[in-house]
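Please consider the following structure with attention to how its helices are arranged against one another.

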Amino acid sequence: MAKCEVCGKEVDMPYNCRRCGGDYCSEHRLPENHACAGLGDWNDPDGVFDSGFDDRVTSDDSSPLDRLSRPGGPLSYFKGNVSYLFLAIMVAVFALQFLVYPLVGIGLRDPLWAATFTLSSAHPLYVWTWVTSVFSHGGIGHLFGNGIVLFFFGPVVERYIGSRRFAALFLLTGALAGLAQVGLGLLVGNTTAVLGASGAIMAILAVLTVLNPGLKVYLYFVLPVPIWLLTIGYALLSVFGIFGATAGVGSNIAHLAHLTGLGLGLLYGSYVRDEVSAPNQLRLGGGMGGPGGPGGPGGPGGPGRRR
């Protein structure tokens, strides 16, 4: 069994779109019925006669990864749910940071802790930290602020640009945002260490803002706010370093990382704008860490600069 990625209907024999990789029921199998990210390719004469669908549920020549991710496979849930996969990784990494590592005697001030979870100007060529730092956070407020935005907005962007491009967007913008902040530290001669997914979160908001700037986000299920205003609000929070219940300009806030993610998201959104369409409204729940409330990207807590 698999779920249609548009309506959520359970289907035994889903149609798999070769252009965006999604699984759909018969009602949403056509590209125009699921806002396929590959619709722009249909101007190509070859696309007129190639529906872009693979009606086979199984294939003898499929790769091991394809077999694991096909309906019923152990990775099938994460197909089309990369946003939730990344959120789960963020929580798992947080547990490593503040539970597992301290239990084995590796505290927050230990060089091994920093070399695992932070991207630092002291060791910019520790290439694994380009990725691990994106999934690491400086405290529970920091994690919750980034996580709730990823939970609500990530699946929306993923649906319209496809899971593969969403994964690339998240990882690349997150890493480049951190590298930009570290590069600034090297330029001015300061030791800089960054961690957090806020650069990627800002990119997600920026992409959705470009695709539909008038998208109404219902904060706390009541207050309608256009997403462009929400994005500007997050950008201002980044610039002035106002997070959670603590207000003020802090030297431990990675302002450049936030703005780098925002800029990259705006550029990518402009690049794909003609290929996809976005919803007209999105309803978000309440909570102290939700969008529009305390605890935005880069909440307080933890060593180093937070993104």
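The paragraphs below follow three helices and the contacts that join them. The model is a predicted one.

Helix H6 comprises residues 140-161, a run of 22 residues. The distance from its first C-alpha to its last is 30 Å, close to the 32 Å expected at 1.5 Å a residue. The helix nevertheless has a bend of about 40° at Phe153, and the proline Pro155 follows within four residues. Most of H6 is covered, with 16 of its 22 residues buried. After the helix comes Gly162, which has a positive phi, near 95°.

One partner of H6 is helix H8, formed by residues 198-211. The axes of the two helices come within 10 Å and cross at roughly 35°, and the crossing is left-handed. On the H6 side, the contact is made by His142, Asn146, Val149, Leu150, Phe153, Gly154, Val156 and Val157; on the H8 side, Ser198, Ile201, Ile204, Leu205, Val207 and Leu208 take part. Phe153, where H6 bends, is thus listed in this contact. By class, ten of the residues in the contact of H6 with H8 are nonpolar and four are polar, while none is charged.

Helix H8 itself has 14 residues, which should span 20 Å at 1.5 Å a residue; its end C-alpha atoms are 20 Å apart, in agreement with that expectation. Because 14 of the 14 residues of H8 are buried, the helix is largely enclosed by the rest of the structure.

H8 also packs with helix H10, residues 255-272, at an angle of about 35° and with the axes 7 Å apart. This crossing of H8 and H10 is right-handed, whereas that of H6 and H8 is left-handed. From H8, the contributing residues are Ser198, Gly199, Met202, Ala203, Ala206, Val207, Val210 and Leu211. From H10, they are Ala257, His258, Gly261, Leu262, Gly265, Leu266, Tyr268, Gly269, Ser270 and Val272. The contact of H8 with H10 contains eleven nonpolar and seven polar residues, and no charged ones. Ser198 and Val207 of H8 appear in the contact with H6 and also in the contact with H10.

In H10, the 18 residues should span 26 Å at 1.5 Å a residue, and the end C-alpha atoms are indeed 26 Å apart. The buried residues of H10 include Ala257, His258, Gly261, Leu262, Gly265, Tyr268, Gly269 and Val272, each of which is also listed in the contact with H8. Thr260 of H10 is buried as well.

Note on methods
Residues numbered from 1 in each chain as written. Predicted model: local features only at pLDDT ≥ 70, side-chain atom pairs only at ≥ 80, totals over all residues. Heavy atoms only, no water. Expected span 1.5 Å × (residues − 1). Bend = angle between axes of the 7 residues up to and from the residue. Buried < 20%, exposed > 50% of the residue type's maximum accessible area, 1.4 Å probe, protein only. Axes fitted to C-alpha atoms, helices over the stretch in contact; angles between N-to-C directions. Left-handed = near helix turned anticlockwise from the far one by under 90°. Contact = heavy atoms within 4.5 Å. Nonpolar A, V, L, I, M, F, W, Y, C, P; charged D, E, K, R; others polar.
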